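User: I am new to this structure. Please pick a single part, go through it closely, and then go on to other contacts in the model.

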Amino acid sequence: GCPEKTCKKKLIQDMDGKWTCHGCNKDYEKPYYYYTLSAKVKDASGEHWIDIFGELGHRLLGVTAEEYKDLILNKDDTKLKDITDKIEFKTFNFIGKAKTQLYNGMEKKRLNVYRYEEIDKGGEARRIVRFLNTVLLNKV
């Protein structure tokens, strides 16, 4: 996409190899790579699709979008697996904004994530135990 932080529109490559942004009418030697990650996540209510964009994807995966692209193009399966292993089967709270999209005539609900936090399972368990102790002690 466009490297201008206020634009970020998709670039089109011309015959000369230059990249043009029709949003800000500028030419660039190369595009800037942004994350657009989609993932299916589960919670107690079922499965949901979430979308993670830009800098949030960088923080989640630990590499820039361009670095990730290069790993894929170079077929560096070891580093790609290391990245996946860091987030796979972890528990996160995703905070986002829900929206509905029409896709092939079907309405789909999506969540655009604007913040996330990894859950400390031990800390969360202690918090729940404290809460339950408080509730139980107040009922006696």
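Analyst: The part chosen here is a cluster in which ring pairs link Phe92, Phe94 and Tyr116. The model is predicted, so local features are taken up from a pLDDT of at least 70 and side-chain atom pairs only at pLDDT 80 or more, while totals for chains, interfaces and linings use all residues. Residues are numbered from 1 along each chain as its sequence is written, and side-chain values rest on heavy atoms, with hydrogens and water left out.

In general, two aromatic rings are described by the distance of their centres and the angle of their planes. Rings of Phe, Tyr and Trp (its six-membered ring) count as a pair if their centres lie within 6.5 Å; planes under 30 degrees apart are called stacked, over 60 edge-to-face, and the rest tilted. By this rule there are five aromatic pairs. In one of them, Phe92 and Tyr116, the ring centres are 5.7 Å apart and the planes stand at 70 degrees, so the pair is edge-to-face. Phe92 belongs to strand E6 (residues 92-103) and Tyr116 to strand E7 (residues 106-118), so this pair ties together parts that are 24 residues apart in sequence. Helices (H or I, at least four residues) and strands (E, at least two) are DSSP runs numbered from the N terminus.

Are these two rings in buried or exposed residues? The classes are set by relative accessible area: buried is under 20%, exposed is over 50%, and partly exposed is in between (1.4 Å probe, protein chains only). Phe92 counts as buried because its relative accessibility is 18%. Tyr116 is buried too, with a relative accessible area of 18%.

The second pair in the cluster joins Phe94 to Tyr116, and it is tilted, with 6.3 Å from centre to centre and 40 degrees between the planes. Phe94 lies in strand E6 and Tyr116 in strand E7, so here the parts tied together are 22 residues apart in sequence. Phe94 counts as partly exposed, at 26% relative accessibility.

Strand E7 also takes part in contacts between charged side chains. A salt bridge is a side-chain nitrogen of Lys or Arg within 4 Å of a carboxyl oxygen of Asp or Glu, and by this rule the count is nine. One of them joins the side chains of Asp51 and Arg110 at 2.4 Å, N to O. Asp51 is in strand E5 (residues 46-53) and Arg110 in strand E7, so the pair ties together parts 59 residues apart in sequence. Asp51 counts as buried at 7% relative accessibility, and Arg110 counts as buried at 16%.

Another salt bridge of strand E7 is formed by Glu118 with Lys90, at 3.9 Å, N to O. This pair links distant parts of the chain, 28 residues apart, with Glu118 in strand E7 and Lys90 in the loop between H3 and E6. Glu118 is partly exposed at 46% relative accessibility, and Lys90 is partly exposed at 37%. Elsewhere, Lys40, Lys42 and Glu47 are joined into one network by salt bridges that share partners.

Helix H3 (residues 77-87) holds both Asp85 and Lys81, four residues apart, about one turn of the helix. Their side chains meet in a salt bridge of 3.0 Å, N to O. Asp85 counts as partly exposed, at 38% relative accessibility.

A charge can also sit over a ring, which requires NZ of Lys or CZ of Arg within 6 Å of the ring centre and within 35 degrees of the ring normal. The charged end of Lys5 sits in this way over the ring of Tyr32, 4.8 Å from its centre.

Last comes confidence. pLDDT is the predictor's confidence in each residue, from 0 to 100. The protein averages 89, and 99% of its residues score at least 70. Among the elements, helix H2 (residues 65-73) has the highest mean pLDDT, 95, and H4 the lowest, 85. Where pLDDT is low, predicted coordinates should not be read in detail.
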